[in-house]
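I opened the notebook to record a few look-ups on one model. The entries follow the order in which I worked.

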There are 2 protein chains.
Amino acid sequence: MKAVIITIGNEILKGRTVNTNFSFIGKLLTFSGYNVSLGIIVPDNLDAIAAAFRNAAAYGDLIISSGGLGPTYDDMTLTGFARAFNLNLKLNETAFNMIKNKFDKITPEREKMAIIPEGSIPLKNDAGTAPGVYMEIDNKKYIILPGVPREVESIMNNFIEKIRIKNYVYLDESF
Amino acid sequence: MKAVIITIGNEILKGRTVNTNFSFIGKLLTFSGYNVSLGIIVPDNLDAIAAAFRNAAAYGDLIISSGGLGPTYDDMTLTGFARAFNLNLKLNETAFNMIKNKFDKITPEREKMAIIPEGSIPLKNDAGTAPGVYMEIDNKKYIILPGVPREVESIMNNFIEKIRIKNYVYLDESF
């Protein structure tokens, strides 16, 4: 099974931040039986994000993105993802409850994090606020994660068993 | 001017190595006046490398790759680059002399590092053996670098003045 990793964020392209999410995800997928065959890094820009998801869908069976998930206007990954595959974004009850449990008060910014594609599943984020998002489209799996490394690690460590290739043992000694 | 950074190497996709070359190049280009608008990471595979260069050419004015330049059979970046743009690879005298100056004896593996696209210019590598390669095609600039970080830094620090956007001062406080 082929995997594609997408990283979203100007700070990575500008070299302000080293892309440790990429190596964390790459290693986790490799040991879980996937062949990571492509990486795409795009800025916080709707068209670029949508194009990245469409290109990734042409290459991989599993597509994982990190970055651009959160309360502010420049967190536009889900809008770009929805644009790529013509999906509707909608307030998700489960996601809303996950967020409500973390705060006394719900602001529009906080509610925004519960607005995810129809048909997708929110993934619990024990290390932060924005839930991850899991979705299957045309037999391909998508996982959309925030950009904060400890949140990426927490969500993925919780979820990896669900997507691990069964009975796979990594034996490539060149690793 | 838009720039695209390509990283070539299985070790990056598998998460064995953190992509510090990307952040070094991204920062250097940002401060030199370029808008780094895309990153592409591909394995040591000819078709993938050729596709990466062709895709990068559609997005950027300056394309910089790191990785896959060197003496061994899995160093195939120049072959992929040549395939992408239908170029001939040929022993380059200047590159050959750069390499000859570093060794008592020339082996086929060492000679391989002097075989670069016709019309390209070798870039001196003070920190290692394989020269970098600079080429202009259809008004776009290509810089092809080895994968070892200190070699990337040495070649780029030597060469950056040649491609810096004139009179550019980086003022974005969000950096």
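The entries below cover the interface, one strand, the salt bridges and a surface patch.

**Entry 1: status of the model**

I note at the start that this is a predicted model. I kept to local features with pLDDT of at least 70, and to side-chain atom pairs at pLDDT 80 or more.

**Entry 2: the interface of chain A and chain B**

I began with the contacts between the chains. I found 27 residues of chain B in contact with 27 residues of chain A. The two chains bury about 2100 Å² between them, and 56% of that lies on carbon and sulfur atoms. I then looked up which three residues of chain B supply more of its buried area against chain A than any other three. They are Leu13(B), Lys14(B) and Arg16(B), with 28% of the area that chain B buries there.

I also checked the interface for salt bridges, and the rule finds 0 across it.

**Entry 3: Ser37 in each chain**

I took Ser37(B) as a residue with contacts in both chains. Ser37(B) lies in strand β2 of chain B, residues 35-42. Is Ser37(B) buried or exposed? Its relative accessibility is 13%, so I list Ser37(B) as buried. Leaving out residues up to four places away in sequence, Ser37(B) touches Leu13(A), Ile41(A) and Pro43(A) in chain A, and Lys2(B), Ala3(B) and Tyr59(B) in chain B.

I repeated the look-up for Ser37(A), which is placed in strand β2 of chain A, residues 35-42. Ser37(A) has 13% relative accessibility and therefore counts as buried. With neighbours within four places in sequence set aside, Ser37(A) is in contact with Lys2(A), Ala3(A) and Tyr59(A), and across the interface with Leu13(B), Ile41(B) and Pro43(B). Leu13(B), which Ser37(A) contacts, is also one of the three residues named in the previous entry.

**Entry 4: strand β3 of chain B**

I asked how many residues of strand β3 of chain B are buried. The strand spans residues 62-66, and 5 of the 5 are buried, so the rest of the structure largely encloses it. I sorted the side chains by direction. Leu62(B), Ile64(B) and Ser66(B) point one way from β3(B), while Ile63(B) and Ser65(B) point the other way. Residues on both faces are buried.

I then looked up the pairing. Strand β1 of chain B, residues 2-8, pairs with β3(B) in the parallel sense over 5 bridges. Strand β8 of chain B, residues 140-145, runs parallel to β3(B) and is joined to it by 5 bridges. Ser65(B) gives a view of both pairings: Ile6(B) stands opposite Ser65(B), and in β8(B) the bridge partner of Ser65(B) is Ile144(B).

**Entry 5: salt bridges**

I counted 8 salt bridges over all chains, and wrote up three of them.

Glu118(A) and Lys90(A) meet through their side chains at 4.0 Å, N to O. Glu118(A) is in the loop between β5 (115-117) and β6 (121-123) of chain A and Lys90(A) is in strand β4 of chain A, so the pair ties together parts 28 residues apart in sequence. I list Glu118(A) as partly exposed at 39% relative accessible area, and Lys90(A) as partly exposed at 48%.

In chain B, Glu118(B) forms a salt bridge with Lys90(B), with the closest N and O atoms 4.0 Å apart. This pair also links distant parts of its chain, Glu118(B) being in the loop between β5 (115-117) and β6 (121-123) and Lys90(B) in strand β4, residues 89-91, 28 residues apart. Glu118(B) is partly exposed at 38% relative accessible area, and so is Lys90(B) at 47%.

The third pair is Asp47(B) with Arg83(B), at 2.7 Å, N to O. Asp47(B) is in helix α3 (residues 46-59) and Arg83(B) in helix α4 (residues 77-85) of chain B, 36 residues apart. Arg83(B) is partly exposed, with a relative accessible area of 44%.

**Entry 6: around strand β4 of chain A**

I ended at strand β4 of chain A, residues 89-91, where Leu89(A) is found. Leu89(A) counts as partly exposed because its relative accessibility is 33%. Together with Leu91(A) and Ile115(A), Leu89(A) forms a nonpolar surface patch with about 200 Å² of accessible area.

Asn88(A) is in the loop between α4 (77-85) and β4 of chain A. Residues up to four places away aside, Asn88(A) touches Ile116(A), Pro117(A) and Glu118(A). I also took a C-alpha to C-alpha distance: Asn88(A) and Pro146(A) are 20 Å apart in space and 58 residues apart in sequence.

Conventions:
Residues numbered from 1 in each chain as written. Chains lettered and ligands numbered in written order. Heavy atoms only, no water. Patch = residues over 30% accessible without salt bridge, like charges linked within 9 Å, V, L, I, M, F, W, Y side chains within 5 Å. Areas by Shrake-Rupley, 256 points an atom, 1.4 Å probe, with all protein chains shown as cover. Helix = DSSP H or I, 4+ residues; strand = E, 2+ residues; numbered from the N terminus. Buried < 20%, exposed > 50% of the residue type's maximum accessible area, 1.4 Å probe, protein only. Pairing = 2+ DSSP bridges. Contact = heavy atoms within 4.5 Å. Buried area = accessible area lost by both parts, 1.4 Å probe.
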